[in-house]
Amino acid sequence: MDRTALDILKSVYGYPAFRGHQAEVVAHVAGGGDALLLMPTGGGKSLCYQIPALLRDGTGVVVSPLIALMQDQVDALRQLGLRAAFLNSSLSAAEGRRVEAQLLRGELDLLYVAPERLLQERTLELLDEVARAPAPSGLALFAIDEAHCVSQWGHDFRPEYLQLDVLAERYPDVPRLACTATADERTREEILQNLRLQGGRVFIGGFDRPNIRYRVVPKDNPRRQLLDFLRTEHVGDAGIVYCLARKKTEETAKFLNEQGIAAVPYHAGLDAKTRRRHQERFRREDGLVVCATIAFGMGIDKPDVRFVAHLDLPKSVEGYYQETGRAGRDGLPADAWLCYGLQDVVMLRKLVDASEGDEMHRRRNLQQLDAMLGYCEVTDCRRQRLLAYFGETMAEPCGNCDTCLEPPDTYDGTVVAQKALSCVARTGQRFGAQHVIDVLRGSGNERVRSLGHDRLSTYGIGGELDDFGWRSVFRQLVALGLLSLDPEGYGGLRLTAAAGSVLNGGRELRLRRDVLMRAAPKERKRRAPAALIVDPEVEVDAATAALFERLRVLRHGLAAEQGVPPYVIFHDRTLAAMAQHRPASSEAFLLLSGVGETKLRRYGELFLAEIRAAAID
Ligand code: ADP
Ligand code: ZN
């Protein structure tokens, strides 16, 4: 009679096999053990508590700060035929009581609860009662999602999370699993300590997101560059464009709409209703672009975000990794695209300088900025650099980032670097890159003349590069630590101690030759939905693409009827498998990844009929 974890994975979720640490974690928690699970976004953490909750007697209680998501999560579980509900402040008193009654009657497999709700004495007393109930009722486990919210160090700190240690005290026999996608050591320690999980096991999944393709382009005309990127590679795709300033999110959304790309802004300055509406549209529509500040973040678990674009430099590699991690949770190809220029660095330095906080804090922020700059300017594999930052080593270059796909051309930059550095020195180490470039290129502009910089020995010695080329040189010199930006935040460049060895000829430099508007990597030029691309070299045939579209329309209708996001019916990946394999029987349909017994029963006939109809049309 005992169902095994694998049976459940197959019959309920319709997946053929566990991934990574999943099987181990499930066995450990189902056996009553506590654990901390670190896995990247999209790694499959949810199954790690859902399946043990099904294997054990009673209800699994999932603590999550993401109230806005609970409805979708519960909808997704119900689509799988599971008994799920949530308790948070969005429910009316009567609705809340109904859920509580279900819980007491042992009618729930999973219950999602907001931390502040859980910590109310009333809720804890309710749980006490459930915990005392005889099998098959009771408490199966506690899952603490987004567990990094307990860390005071990180930026998602939630004070309520600190009180979750009550669970250890009050329910010592109920296993607890804390989950997070945040990697760093310090956060990990804080979670173990604050949630009293020191006796548990720690599972650390690799942090690589192999389906995300990283790319950094030098900023020239950022809007135009964004538009080209979207038009050549992401027509009709959902994605996020991150900007630093609120105003820019609005301008960018407006611009995209004018260009025929549906987009909405999102930032903390918009009223709550508008924010909710925009987030809601993003979740339910197939191809909306959200132009957002980092306020649009946690709580996006839309699986089919096909790109994350940054129009401004993120403040740290951690932030960048977290933001880009919102792309491609479904494992299908996705892009992380970043457009940056030296002006971004100037701007961020200014912000750091204006920020409150002690010297230590400022220094740390500057270090983070330097690391980000270093990432932008790498000439070898970007993914290797990113993972190294998180303490993970990758033996081989990834083959799926811009520097791997189109290795940058490098040249002996010793002489141009000397020219640039000495021009900075001659102009008095006070000016920003653009002015120094004007001097180097012999510009006759007013400012250059009025300062008398047209009489300097470095005036006009830089004819070998254009503006774009020089900007690239200056970015690299800053990233290499040969030039620094003035601490006042005006963008003035200064020589560092390290510059001396280059100036006196004691050090050779290889620099990267940036190419303006790099064409999109060849294989992505032809557009097909990401889900259908099995092999980038092989064209997606028209019949498959057409069938996929029909299935999407069918799915959309079903989702709208039930008021749920399309992906809780079937993921793109499952629709793609239908379009490719064209199952003709229930048995064949059940073999598709993502089709379990409940979904077969609910939707099998409809989708099989659509596939048959398409064959005739
Ligand atoms: P996380 O919470 O770690 O970000 P999720 O639990 O939401 O990730 O899982 C990401 C996606 O991967 C979901 O669509 C999930 O259904 C799918 N998934 C998880 N485990 C498996 C598996 N073993 N096989 C196939 N798909 C899986
Ligand atoms: Zn690479």
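In the predicted model, Phe296 has a relative accessibility of 1% and therefore counts as buried. Tyr266 is at 7% and is buried too, because the cut-off for burial is under 20% relative accessible area.

A search of the whole structure returned twelve aromatic pairs. Each such pair is described by the distance of the ring centres and the angle of the planes. In one of the twelve pairs, Phe229 and Trp337, the ring centres are 4.9 Å apart. The planes of Phe229 and Trp337 meet at 10°, so this pair is stacked. Phe229 belongs to helix α11, which spans residues 222–233. Trp337 belongs to strand β13, residues 334–340. The two positions are 108 residues apart in sequence, so the contact ties together separate parts of the chain. Both Phe229 and Trp337 are buried.

Tyr266 and Phe296 pair in another geometry. Their ring centres lie 4.7 Å apart, with the planes at 55°, so the pair is tilted. Tyr266 sits in strand β10 (residues 263–266). Phe296 sits in the loop between β11 (289–292) and β12 (305–310). With these positions 30 residues apart in sequence, the pair links distant parts of the chain.

Aromatic residues also group in a cluster. Phe570, Phe589, Tyr603 and Phe607 make up one aromatic cluster.

Charged side chains were examined over aromatic rings as well. The charged end of Lys302 is placed over the ring of Phe282, 5.4 Å from the ring centre. Arg382 lies over the face of Tyr375, with a distance of 5.4 Å to the centre of the ring.

Key:
Residues are numbered from 1 along each chain as its sequence is written. Chains are lettered from A and ligands numbered from 1 in the order in which they are written. This is a predicted model: local features need pLDDT of at least 70, side-chain atom pairs count only at pLDDT 80 or more; totals for chains, interfaces and linings use all residues. Side-chain values use heavy atoms; hydrogens and water are left out. Rings of Phe, Tyr and Trp (its six-membered ring) pair if their centres lie within 6.5 Å; planes under 30 degrees apart count as stacked, over 60 as edge-to-face and the rest as tilted. Helices (H or I, at least four residues) and strands (E, at least two) are DSSP runs, numbered from the N terminus. Buried means under 20% relative accessible area, exposed over 50%, partly exposed in between (1.4 Å probe, protein chains only). A charge sits over a ring if NZ of Lys or CZ of Arg is within 6 Å of the ring centre and within 35 degrees of the ring normal.
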